[in-house]
Amino acid sequence: MAQDLTADQALFQFLLRMGDNTLILGHRVSEWCGHAPVLEEDIALANTALDLIGQTQMWLGLAAEVQGEEKSADDLAFLRDVWEFRNVLLVEVPNEDFGRTLMRQFLFDAWHSIQLGHLMTSSNARIAAIAAKTSKEVACHLERSADTVVGLGDGTEQSHDYMQAALDYPWPYVGEMFSSDAVDAAMVQAGIAPDPAALRGEYDALITRVLTEATLTLPESSFGHKGGRTGAMHTEHLGHLLTQMQWLQRAYPGASW
Amino acid sequence: MPAGYRKTLIRQIGQHAHSEIVGQLPEGNWITRAPTLERKAILLAKVQDEAGHGLYLYCAAETLGVSRDELTEKLLDGRMKYSSIFNYPTLNWADMGAVGWLVDGAAILNQVPLQRTSFGPYARAMVRVCKEESFHARQGFDVMRKMATGTPAQQKMAQDALNRLWFPALMMFGPSDAESTHSEQSMAWKIKMNSNDELRQKFVDQTVPQIEFLGLELPDAGIKWNEARGSYDYSDPDWSKFFDVIQGNGPCNVDRLAARNKAWKDGAWVRDGLLAHARKKAARKHAAE
Amino acid sequence: MKNEWPLWEVFIRGQHGLSHRHVGSLHAPDAEMAIKNARDVYTRRNEGVSIWVVEANNITASSPSNKGPLYEPAESKVYRHPTFFDIPDEVGAM
């Protein structure tokens, strides 16, 4: 199938990957509102979710334009089914506890900030503009999630144990962010986006520095789950998330909200 | 500062702060089901503001020598109350409109005068709160308007939300002045600025034309313009229901408190962990100097 | 209860070059987190460009009961205010 992709189709897939990542993660983080460990964290998590929702509007808005079927960002968010989503599996795993949530956030933020850094010099001016705007937000997310991972990892014995578990669980989902396929090859060729595999070195250096400061041990396994960014196989969790997120749009088709 | 004044202020500001925090829950109930990205962002920003309001108010209470944790524990074990309005469920999306429009609308009427309350830290917190509340009421009305002019199903949701929340909103002003236990002393101390009935009438008078504008049916057959008074007559809420909710028998009392308790209990290791890290870091810095 | 995060007072400088102004308080485990929390709590609506935090128990305040002795003596020194002096209109702005 890969060779048959037109330039626009590849670009559309790329934009879905960017927008679905922020959509699904923003949704997960928004689940915390009203339930965080302390008011200051409740407010901070909501800010992160708000940024991610705003970024989704930009990425999926551009995706809809490229798709050229008169759809909106909302149509893409609320009217696709599981197999049409292109987010990495990491962002769809459940929140579980604050430690898991912040670790997932950190592991994603680290990739996200590196990716956006490269996208700022994209040959596609629209993408470069979105990257320029969102990279500032993501720099704040990364600073906060990294500090929290360090604080909890190097906190009490109990918080350390929570954070080690919080690292062990999502670790097999990290590799997917760096797997390349035909869509990525097309993006590299057009000068639109970097090769995901090429970001791994910088990523590993960043997370190793933070996780070491957090006194946490990187799991040895290099096994990686895949299937989210190609849509080949999501986790079971995504369907439940979409059931909630899309409920009104699905139950009352055509209504305006 | 007289002891009675201080005690009353702690009770009032504390309850107010608790109401903001518990008040996150009924609307938070719909964040993950908001129908568009923009609605989700607006609702999330709104519920986040409520966390902020709680935070400002706890800080105001702290200037009276009571800590936020102390107040929180009193909320969690039921020694302190929060506004009963948040013990009602949010059952359809139009509730996100009705809560902003009616509940925040009623709250604003209660809160605007408090910007001039005699206790400075409370008054200053209220200035910030009121500035943000008008965003809340407006976004609520905007949702309501969209629903009231939408498909038949949406109009049904709008009417259902209005009917369910009307009397609970009226009850937010508290029992009639004759029966309100703390009113007289609080007014003398200028930590309460208007009587309950006065504010309730003001709310009815400003809201009835808005209901008519939306084209919804009035939620109370007793609502009639009274030419002589220059105000709307309305039916008195069933106060026995109000006292039921205060006694803990509202539709959501148990769930609301359980949710707050869970958040607090589940978050303990996080709060302790981050504090332990800050102490270690300070000690290391100290050792290095 | 002994594990409560300390209270911090937050001061923010707005867009317009005015001095930092006290905007409120918050809790945080340390100064760095206090700054980050202040950014999330007190600049959600573009309120500021610079943040100061200071732990609340490091603030020394004047006593409210001392209001008379502290401030009233200034009331009688009216000559400190420019409006005390009459300047003829012909002199122009001064």
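How many helices and strands make up the secondary structure of chain C? The answer is two helices and three strands. The views below are taken from a predicted model.

**Figure 1. Overall fold of chain C, with its elements in the order β-β-α-β-α.** Two strands come at the start of this pattern, and a helix, a strand and a further helix follow. The radius of gyration of chain C is 21 Å, whereas a compact globule of 94 residues would have a value near 12 Å. Along the principal axes, the C-alpha atoms fill a box of roughly 65 × 35 × 15 Å. Of the 94 residues in chain C, 31% count as buried. Where contacts in chain C link residues at least 6 apart in sequence, 43% of them join residues at least 24 apart.

**Figure 2. Surface and charges of chain C, which exposes about 6,700 Å².** Carbon and sulfur atoms supply 55% of this exposed area. Chain C carries 10 positive and 12 negative charges. The mean positions of these two sets are 7 Å apart.

**Figure 3. Strand E1 of chain C and its two antiparallel partners, E2(C) and E3(C).** Strand E1 covers residues 7–13 of chain C. Five of its seven residues are buried, so the strand is largely enclosed by the rest of the structure. E1(C) pairs with strand E2 (residues 21–27) over six bridges. Pairing between E1(C) and strand E3 (residues 50–55) likewise runs over six bridges. Trp8(C) has Leu26(C) as its bridge partner in E2(C). In E3(C), the residue opposite Trp8(C) is Glu55(C). As a general point, side chains in a regular strand alternate between the two faces of the sheet.

**Figure 4. Surroundings of Asn37(C) in helix H1 of chain C.** Helix H1 spans residues 31–42. Is Asn37(C) buried or exposed? Asn37(C) has a relative accessible area of 0% and is therefore buried. With neighbours within four places in sequence left aside, its contacts in chain A are Glu40(A) and Arg144(A). Within chain C, Asn37(C) is in contact with Leu26(C), His27(C) and Ala28(C). Of these, Leu26(C) is also the bridge partner of Trp8(C) in E2(C).

**Figure 5. Pro88(C) in the segment after helix H2 of chain C.** Helix H2 covers residues 67–75. Pro88(C) has 45% relative accessibility and so counts as partly exposed. In sequence, Pro88(C) and Val54(C) are 34 residues apart. In space, the C-alpha atoms of Pro88(C) and Val54(C) are 48 Å apart.

**Figure 6. Overall fold of chain B, with 12 helices and two strands.** From the N terminus on, the elements run α-α-α-α-α-α-α-α-α-β-β-α-α-α. The radius of gyration of chain B is 20 Å, which agrees with the value near 19 Å for a compact globule of 289 residues. The C-alpha trace spans about 75 × 50 × 35 Å along its principal axes. Buried residues account for 57% of the 289 residues. Among contacts in chain B with a separation of 6 or more, 77% are between residues 24 or more positions apart.

**Figure 7. Surface and charges of chain B, with an accessible surface of about 12,200 Å².** Carbon and sulfur atoms account for 54% of this surface. Chain B has 37 positive and 34 negative side chains. The centres of the positive and negative sets lie 8 Å apart.

**Figure 8. Two loop residues of chain A with positive phi, Glu70(A) and Thr215(A).** Most residues other than glycine have a negative phi. For Glu70(A), phi is near 60 degrees. Glu70(A) lies in the loop between helix H2 (39–67) and helix H3 (73–78) of chain A. Its relative accessibility is 80%, so Glu70(A) counts as exposed. For Thr215(A), which is not a glycine, phi is about 55 degrees. The loop that holds Thr215(A) is between helix H8 (200–213) and helix H9 (236–245) of chain A. Thr215(A) has a relative accessible area of 40% and is therefore partly exposed.

Key
Residues are numbered from 1 along each chain as its sequence is written. Chains are lettered from A and ligands numbered from 1 in the order in which they are written. This is a predicted model: local features need pLDDT of at least 70, side-chain atom pairs count only at pLDDT 80 or more; totals for chains, interfaces and linings use all residues. Side-chain values use heavy atoms; hydrogens and water are left out. Helices (H or I, at least four residues) and strands (E, at least two) are DSSP runs, numbered from the N terminus. The radius of gyration is taken over C-alpha atoms; the globule rule is 2.2 Å times the number of residues to the power 0.38. Buried means under 20% relative accessible area, exposed over 50%, partly exposed in between (1.4 Å probe, protein chains only). Contact means heavy atoms within 4.5 Å. Accessible areas come from the Shrake-Rupley method with a 1.4 Å probe; for residues, only the protein chains shown count as cover. Lys and Arg count as positive and Asp and Glu as negative; His and the chain ends are not counted. The place of a charge is taken as NZ of Lys, CZ of Arg, CG of Asp or CD of Glu. Two strands pair if DSSP finds at least two bridges between them.
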